[in-house]
Amino acid sequence: MRTAVPPVACVGEPRLTAGFAEYGRLDLAAHEEVHGPIGPMEPAQLLRLTEGMQLKGKGGAGFPFARKLRAVLESCERQDLAAVVVVNATEGEPASWKDKVLLTRAPHLILDGAALAAYALDADEIVIGVADDGVGRDSLMEALEERRMPVMTTIVTVPHRFISGEGGALVNGINGLPHIPPGTKKRSSDSGVSGLPTLLSNAETYAQLAVGARLGPYEYAALGTDDEPGTVLLTVTGAAGRPAVVECTAGMPLRDVLDLCEVPDVQGILMGGYHGKWITPEAAEKAEVSRKGLAAVGGTLGAGIIVPVGVDTCPLGEAAQVVRYLAGESAGQCGPCKMGLPDLARAVDLAVAGSQPADVVRAAAGEVRGRGACSHPDGTARFALSAIEVFAEDLRLHSTGDGCGRRVKGVMGLPGAPDANPQKLTLDWSRCDGHGLCAHVVPDFIRLDANGFPAFPATPVPTWLREGALKAVKVCPELALRLAKAE
């Protein structure tokens, strides 16, 4: 359960975070003093604004907001139905905090953006989805009590799970269905909440809309790049000496953000979150904080998540933990997710243990890519493949069976702690007669060498193979095999 919101920092001119230093949390009076008044907009006016701002979704996919808005307007007219505006503030990814910061410190910016959209669409309702971790809900409720919204506005609480933040899963949850993505792809702009055309976007997107409505498209574009005007909210965690949510001008060097957060020497940096991609330290020195700038060095902006991994931890072990977590977050409704992701997690674990080559990971990733009912299999495969590419030298060390010599410290922001009791197999060669029973019990971890004797990695036994390793110990007739605490 998450309770403490991280500090906030800024590189360049603050917009979303304006007033934080003076007020902490902006109530309605402080919000209006810092940001000024805002009025409603007609549909054509709002479309011109969002097109001029080049506003894109900040939840990860980066879909143009104007196209979503136009699709809902056309759907309402075609079906003669009212619209619903949905704010996705669930932030189900454990490594992300940016929307929580907006909920707890600038809730009125989110509400301003939602109100603008609701007025332009002549919507019947605004629904705001928040996670059940309790972070930000009270602040949002307090903000709603301070002001009058143009339409009925409700808060819906969803489970704090990775897949619950997916757009279709949120719509399902609001409709009283299980909080998982729908089994088939469908557009919420055609049929979303209560079967009505639904405008669904991320909390930061609505907050950016509120800023742009006050500044206008030209002043909004005074910051940022030609392709990506404005600012970006980033969550910087992992090995950072000063983890923070950072607002920075789009196009700024990534190095400026890393220095601000006191990121030490690293082996690699995860960009974009658990469905993102790893980049090398060399790439980080050249990267700019924008979708285009990060793509140029093999990364992705995604949901604005930056997780550096320091030189004192095993990067592949950290990545393997994330793949196991993502496999466990499966909705379980399609084969590539239900069966393919556990296979991928298994392949990554065995590659890290030195029991299988990287080609097995590539094959397992290929089995799930492009075949899922939602983007979860694709994102997980992208993460795993990126890890074995960026940490290829580390993987070579693991392939020898000795590992890289570093512990897994659990720096990826996953729920819970890393394995508190890592264990590894040891063999008393004076007792072993080469019966080979152990290899039959747990063939994924123990194999027989050319002389028929057991061979296994010196690294800790993966947690999901721990039970099998214990059985192997018990069946050894000479009591030569032991399961001992890994140092």
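Trainee: S164, is that buried or exposed?
Mentor: Buried. This is a predicted model, and S164 comes out at 1% relative accessibility. The cut-off for buried is under 20%, so S164 counts as buried.

Trainee: Where does S164 sit?
Mentor: In a loop. That loop lies between β4 (152–158) and α8 (167–174).

Trainee: What does its side chain reach?
Mentor: The side chain of S164 reaches the backbone oxygen of P159. The distance is 3.3 Å.

Trainee: And which residues does S164 touch?
Mentor: T90, V158, P159, A169, L170 and H179. That list leaves out residues up to four places away in sequence.

Trainee: You mentioned β4. Which sheet order does it belong to?
Mentor: The order is β4-β3-β2-β5. It is an open sheet of 4 strands, with parallel pairing.

Trainee: Which strands are at the edges there?
Mentor: β4 and β5 (198–202). Each of them pairs on one side only. Neighbouring strands of this sheet are turned by 20° against each other on average, ignoring direction.

Trainee: How many bridges hold for β3 and β4?
Mentor: 7 bridges, in the parallel sense. Strand β3 covers residues 125–131. As one point on that pairing, G129 has V156 of β4 as its bridge partner.

Trainee: Which helices lie across β2, β3 and β5?
Mentor: α5 is one of them, running at about 110° to β2 (84–89). Helix α6 (residues 107–121) also lies across β2, β3 and β5. The angle of α6 to β2 is about 160°.

Trainee: What else does α5 pack on?
Mentor: Let me set up the other sheet. It is open, has 6 strands and runs β1-β7-β6-β10-β8-β9. The pairing there is mixed.

Trainee: Why is one side of β1 and of β9 left without a neighbour?
Mentor: Because β1 and β9 (277–279) stand at the edges of that sheet, each with a single partner strand. Average turn between neighbouring strands of this sheet is 25°, direction ignored. Now your helix: α5 (residues 98–105) packs on the sheet and touches β1, β6 (231–236) and β7. The direction of α5 makes about 110° with that of β6.

Trainee: What does β1 pair with?
Mentor: β7 (residues 244–249), in the parallel sense, over 4 bridges. V8 has V245 in β7 as its bridge partner.

Trainee: Which side chains of β1 are covered?
Mentor: A9 and V11 make up the covered face of β1 (residues 8–11). V8 and C10 make up the uncovered face. In a regular strand, side chains alternate between the two faces of the sheet.

Trainee: And the other end of that sheet, how do β8 and β9 pair?
Mentor: Antiparallel, over 3 bridges. Strand β8 is residues 266–271. L270 stands opposite W278 in β9.

Trainee: New topic. How is the chain divided into domains?
Mentor: Domain 1 is 21–222 and domain 2 is 224–310. Domain 3 is 315–399, and domain 4 is 423–485.

Trainee: How far apart are domain 1 and domain 3?
Mentor: Their C-alpha centres lie 33 Å apart. The contact takes 10 residues from domain 1 and 11 residues from domain 3.

Trainee: What area is buried between domain 1 and domain 3?
Mentor: About 870 Å². Carbon and sulfur atoms give 53% of that area.

Trainee: What about domain 4, which faces do the side chains of β11 point to?
Mentor: They alternate along β11 (residues 423–427). Q423, L425 and L427 point to one face and are buried. K424 and T426 point to the other face and are not buried.

Trainee: What is the partner of β11?
Mentor: β14 (residues 481–485), antiparallel, over 5 bridges. K424 stands opposite A484 in β14.

Trainee: Last one, D27. Where is it found?
Mentor: In the loop between α1 (20–23) and α2 (28–35). D27 is partly exposed, with a relative accessible area of 30%.

Trainee: What does the D27 side chain reach?
Mentor: The backbone nitrogen of A29, at 3.3 Å.

Trainee: Which residues further along does D27 touch?
Mentor: H108 and E146, leaving out residues up to four places away in sequence. Then there is A106: 79 residues from D27 in sequence, but 7.9 Å away in space, C-alpha to C-alpha.

Definitions and conventions:
Residues numbered from 1 in each chain as written. Predicted model: local features only at pLDDT ≥ 70, side-chain atom pairs only at ≥ 80, totals over all residues. Heavy atoms only, no water. Buried < 20%, exposed > 50% of the residue type's maximum accessible area, 1.4 Å probe, protein only. Helix = DSSP H or I, 4+ residues; strand = E, 2+ residues; numbered from the N terminus. Pairing = 2+ DSSP bridges. Polar contact = N/O pair within 3.5 Å; in protein donor to acceptor, adjacent residues only side chain to side chain. Contact = heavy atoms within 4.5 Å. Axes fitted to C-alpha atoms, helices over the stretch in contact; angles between N-to-C directions. Domains from an automatic or database assignment. Buried area = accessible area lost by both parts, 1.4 Å probe.
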